[in-house]
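Grab a viewer and work through these exercises at your own pace. Each one has a task, followed by a solution in steps.

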Amino acid sequence: MPLTPEQQAEIDALREAPQQTLRATVPGMEKHLYVAHQVLDHGLVRVIDYMGDDSAICQAARVSYGRGTKSVQNDEGLIRYLMRHWHSTPFEMCEVKFHVKLPVFVARQWIRHRMANVNEYSARYSILDREFYIPAPDQLAAQSSQNNQGRGDILQGDEAQRVLDLLRDDAMRSYDHYESMLSNDGQQGLARELARMNLPANIYTQWYWKTDLHNLLHFLRLRADSHAQYEIRVYAEKMCDIVADWVPAAFNAFRDYRMDAVSLSAQAAAVLKRRLAGETVTQEQSGMGAREWREFTAEWG
């Protein structure tokens, strides 16, 4: 189960006792507060708190108080300008804190994004639950023959079942040994901080992760990309849905100028201009390396 009974009771109590506030709130984000969105088999993402909205981005960019006489259209135009020209500090005025439950191997990828405040569940003080990520059959894939970091064909039949059985059996056996090493039945047992070393990387951990919008969007651009590993991508995709409800103008600009946009080198841009003028350009004339030329021609013909 994604949430413990204690966590669910805390959420229910918080949602039943709303507080008045003078700070800016966003209806789209209010509906996400404390709600646990399930991810993978036992994981979750939920918003704990947030600060700021689209207007806060504009306020910071204008270095003025409030909206004044600026219209919504002007705000959207300003946000698009800021995104288009890679401004960062106005987007840092918005912050959000998430509670995330995720497999340890996903957490190790996630933590590489260092521009956030993180506090993780400690297996030195507490005993981890018997919850492991076991991939769905359609996510069991062989190593890609073209991409050293990616997946290839989906495993089928007996091979898929063999791998699933190994994953489940190894996880359960490791946890059985973890439990048996801890103090029980009158035994002195091993310290929790040592016993945890025996746990597999697919066991679930939890953390609070607080970041600003600028760094969150950078995380989402990389991890919601189709080339990202599936197990972290599904978290990023759920967070994209949340951000779209929180700062819709900023997210639309982000989608247009980051997620769905293409970056070109100066050489590639020059080739496109020459092609538009009717010229034929070879790789040697382009100044691009062989790999960049292959990627360029695959995308642009």
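## Two helix pairs

H11 and H13 sit oblique to each other, and the exercise below shows why. Keep in mind that this is a predicted model.

**Exercise 1.** Work out why H11 and H13 count as oblique to each other, then find which residues make the contact.

*Solution.*
- Start with the axes: those of helix H11 (residues 266–276) and helix H13 (residues 290–300) come within 11 Å and cross at roughly 45°.
- Now classify the angle. Under 35 degrees would be roughly parallel, and 65 to 115 would be roughly perpendicular. The crossing angle is roughly 45°, so H11 and H13 are oblique.
- As for handedness, H11 and H13 cross in the right-handed sense.
- On the H11 side, the contact uses Ala268, Val271, Leu272 and Arg275. H13 brings in Glu292, Trp293, Phe296, Thr297 and Trp300.
- Sort the residues of this H11–H13 contact by type and you get six nonpolar, one polar and two charged.

**Exercise 2.** Do the same for H8 and H9: what are the packing angle and the distance between the axes, and what is the handedness of the crossing?

*Solution.*
- H8 and H9 pack at about 135°, and their axes are 9 Å apart.
- Roughly antiparallel would need an angle over 145 degrees. With the angle at about 135°, H8 and H9 are therefore oblique as well.
- The H8–H9 crossing is left-handed.
- H8 puts Leu213, Leu216, Leu217, Phe219, Leu220 and Arg223 into the contact. From H9 come Ile232, Arg233, Ala236, Met239, Cys240, Val243 and Trp246.
- By type, the H8–H9 contact has eleven nonpolar residues, no polar ones and two charged ones.

## The sheet and what lies across it

**Exercise 3.** Find the order of the strands in the open sheet and say which are the edge strands.

*Solution.*
- Five strands make up the open sheet, in the order S1-S2-S3-S7-S4, with antiparallel pairing.
- Strand S1 (37–39) and strand S4 (117–120) are the edges, since each one pairs on one side only.
- On average, neighbouring strands of this sheet are turned by 25° against each other, ignoring direction.
- Zoom in on strand S3 (residues 95–103) and strand S7 (residues 204–212): they pair in the antiparallel sense over nine bridges. Within that pairing, Val100 has Trp207 of S7 as its bridge partner.

**Exercise 4.** Which strands does H8 lie across, and which does H9 lie across?

*Solution.*
- Helix H8 (residues 213–223) lies across S3 and S7, at about 125° to S7.
- Helix H9 (residues 230–246) lies across S1, strand S2 (43–51), S3 and S7, at about 30° to S2.

## Local details

**Exercise 5.** How many salt bridges does the structure hold, and where do the partners Asp75 and Arg62 sit?

*Solution.*
- The total is 17 salt bridges.
- Asp75 and Arg62 form one, with the closest N and O atoms 2.9 Å apart.
- Asp75 belongs to helix H4 (residues 72–84) and Arg62 to helix H3 (residues 54–62); the two residues are 13 residues apart in the chain.

**Exercise 6.** Find where Tyr34 and Trp86 sit, and check the phi of each.

*Solution.*
- First, the background: most residues other than glycine have a negative phi.
- Tyr34 is not a glycine, yet its phi is positive, at about 70°. Look for Tyr34 in the loop between helix H2 (27–30) and S1.
- Trp86 also has a positive phi, near 60°, and its place is the loop between H4 and S3.

How values were computed: Residues are numbered from 1 along each chain as its sequence is written. This is a predicted model: local features need pLDDT of at least 70, side-chain atom pairs count only at pLDDT 80 or more; totals for chains, interfaces and linings use all residues. Side-chain values use heavy atoms; hydrogens and water are left out. Two strands pair if DSSP finds at least two bridges between them. Helices (H or I, at least four residues) and strands (E, at least two) are DSSP runs, numbered from the N terminus. Axes are lines fitted to C-alpha atoms, for helices over the stretch in contact, and angles run from 0 to 180 degrees between N-to-C directions. Contact means heavy atoms within 4.5 Å. A crossing is left-handed if the near helix is turned anticlockwise from the far one by less than a right angle, and right-handed if clockwise. Ala, Val, Leu, Ile, Met, Phe, Trp, Tyr, Cys and Pro count as nonpolar, Asp, Glu, Lys and Arg as charged, and the others, Gly among them, as polar. A salt bridge is a side-chain nitrogen of Lys or Arg within 4 Å of a carboxyl oxygen of Asp or Glu.
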